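Got the model open in your viewer? Here are a few exercises to work through with it, each followed by a solution.

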Amino acid sequence: MHGSMPNFVHRSMRRIALLLPVLLVCLLAPSGARAQGQVGVKVENLPNFDLRRFHFGFLLSYNSSDLFVKLKPGSLLNDSILAVDHIRRPGFNLGIVSSLNLNDNLSLRFIPSLSFQDRLLKYTFRKSDGSLIIFEKAIESTYLEFPLLMKLRSDRINNLAVYLLAGGKFGIDMASQKDVNNQIDDEIVVKLDKYDYSVEAGGGFDMFLPYFKFGVELKFSYGIPNLLIDDDTRFSAPLESLRSKVWVLTFTFEG
């Protein structure tokens, strides 16, 4: 059952990656056609958008997840382990956007999301005969996230505005393996705590289209707590801490 979940997630990510450009072209093409039909005329789309106090929408995101890895002092000298490499992996997010306008340029955004994240730790050990053996430990998480962000936006220039984002996020890993019984090297998992919280910062731009506002943003998330659960396996013992780090490219659609 556990082995089928990563395959399902990877298939879903590939489908979304293929469908997203088509979706964007379909959504943006009508506005481009209108612009061509009115050469030299600048039309302000959604002129009353900022007059409404609340806005709602949804988002699709591509994420690149990784870990800040800190080893215990001397762990590479006192054991057979030679190296621990961390490798980022792609994932995706789905979420609901709710925005409260505090004034013309500042808004508070609450964006509950489902985030599929995948990371990899690569261990290199020296065996007693001097040969090397490598283990790759995938760390898969399905986070239910609750970001709360402040958005500082510029004034509109025709149908375009740029903005900055900053805030925090709390996450619950719905696929946490913290209770797995580790006994065989090939089956041992690196356990992470179920709960994570992080700070986020980024920026982007909004495009006001005839029927909705389309946004593109890039943000970075830095995890604060140590997520490592040290159950004294050969894979957790050399580690002092694991903290999350995620880059997220997001497309928002708001009405």
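**Exercise 1. Decide whether strand β9 is mostly enclosed or mostly open, and find its strand partners.**

Keep in mind that this is a predicted model. Start by counting buried residues: β9 has 16 residues and twelve of them are buried, so the strand is largely enclosed by the rest of the structure.

Next, look for the partners. Strand β1, residues 54-71, pairs with β9 in the antiparallel sense, over 15 bridges. To find your place in that pairing, pick Lys70, which stands opposite Ser241 in β9.

Strand β8, residues 213-223, also runs antiparallel to β9, with ten bridges joining the two. Two spots to click on here: Val216 stands opposite Phe251, and Leu218 stands opposite Leu249.

**Exercise 2. Work out how covered β8 is, and how β7 and β8 are arranged.**

Burial comes first again: eight of the eleven residues of β8 are buried, which makes it a mostly covered strand.

Then step back along the chain to β7, residues 195-208, which pairs with β8 in the antiparallel sense over eleven bridges. The two strands form a hairpin, with four residues between them. For a pair to check by eye, take Gly204 and its bridge partner in β8, Glu217.

**Exercise 3. Find the residues that touch the most other members of the largest nonpolar core, and say which elements give two or more residues to it.**

This core has 17 residues. The ones touching the most other members are Leu121, Tyr123, Val190, Phe235, Leu239 and Leu242.

Now for the elements. Those giving two or more residues are β2 (81-101), β4 (113-126), β5 (132-153) and β9 (239-254). As background, nonpolar side chains tend to be buried together in soluble globular proteins.

**Exercise 4. Classify the ring pair of Phe125 and Phe135, then do the same for Phe125 and Phe235.**

The model has 14 aromatic pairs. For Phe125 and Phe135, the ring centres are 6.0 Å apart and the planes sit at 75°; planes over 60 degrees apart count as edge-to-face, so that is what this pair is. The pair links distant parts of the chain, with Phe125 in strand β4 and Phe135 in strand β5, ten residues apart. Both residues are buried.

Phe125 also pairs edge-to-face with Phe235, at 5.7 Å centre to centre and 85° between the planes. Here the two residues are 110 apart in the chain, since Phe235 belongs to the loop between β8 and β9. Check burial too: the cut-off is under 20%, so Phe125 at 1% counts as buried, and so does Phe235 at 0%.

While you're looking at rings, there's also a cluster linked by ring pairs: Phe58, Phe212, Phe214, Phe251 and Phe253.

**Exercise 5. Is Lys137 buried or exposed, and what does its side chain sit against?**

Locate Lys137 in strand β5. Its relative accessibility is 5%, so this lysine counts as buried.

Now follow the side chain. A polar atom of it lies 2.8 Å from the backbone oxygen of Ile188. Lys137 also lies over the face of Phe235, at 4.7 Å from the ring centre. If you want another case of a charge over a ring, try Arg52, which lies over the face of Phe49 at 5.3 Å from the ring centre.

**Exercise 6. List what Phe170 contacts beyond its sequence neighbours, and say how accessible this residue is.**

Phe170 is in strand β6, residues 160-173. With a relative accessible area of 34%, Phe170 is partly exposed.

Leave aside the neighbours within four places in sequence, and the contacts are Leu144, Glu145, Phe146, Tyr195, Asp196 and Tyr197. Pro147 is worth a look as well: 23 residues from Phe170 in sequence, yet 6.4 Å away in space, C-alpha to C-alpha.

**Exercise 7. Where do Asn158 and Asp232 sit, and what is the sign of phi in each?**

Take Asn158 first, in the loop between β5 and β6. Its phi is near 60°, a positive value in a residue other than glycine. At 42% relative accessibility, Asn158 counts as partly exposed.

Asp232 is in the loop between β8 and β9. Phi is positive in Asp232 too, near 65°. This aspartate counts as exposed, at 66% relative accessibility.

Notes
Residues are numbered from 1 along each chain as its sequence is written. This is a predicted model: local features need pLDDT of at least 70, side-chain atom pairs count only at pLDDT 80 or more; totals for chains, interfaces and linings use all residues. Side-chain values use heavy atoms; hydrogens and water are left out. A nonpolar core is a set of buried Ala, Val, Leu, Ile, Met, Phe, Trp, Tyr and Cys residues joined through side-chain atoms within 4.5 Å. Buried means under 20% relative accessible area, exposed over 50%, partly exposed in between (1.4 Å probe, protein chains only). Two strands pair if DSSP finds at least two bridges between them. A polar contact is a pair of N or O atoms within 3.5 Å; within protein, one must be able to donate a hydrogen and the other to accept it, and residues adjacent in sequence count only if both atoms are side-chain atoms. Rings of Phe, Tyr and Trp (its six-membered ring) pair if their centres lie within 6.5 Å; planes under 30 degrees apart count as stacked, over 60 as edge-to-face and the rest as tilted. A charge sits over a ring if NZ of Lys or CZ of Arg is within 6 Å of the ring centre and within 35 degrees of the ring normal. Contact means heavy atoms within 4.5 Å.
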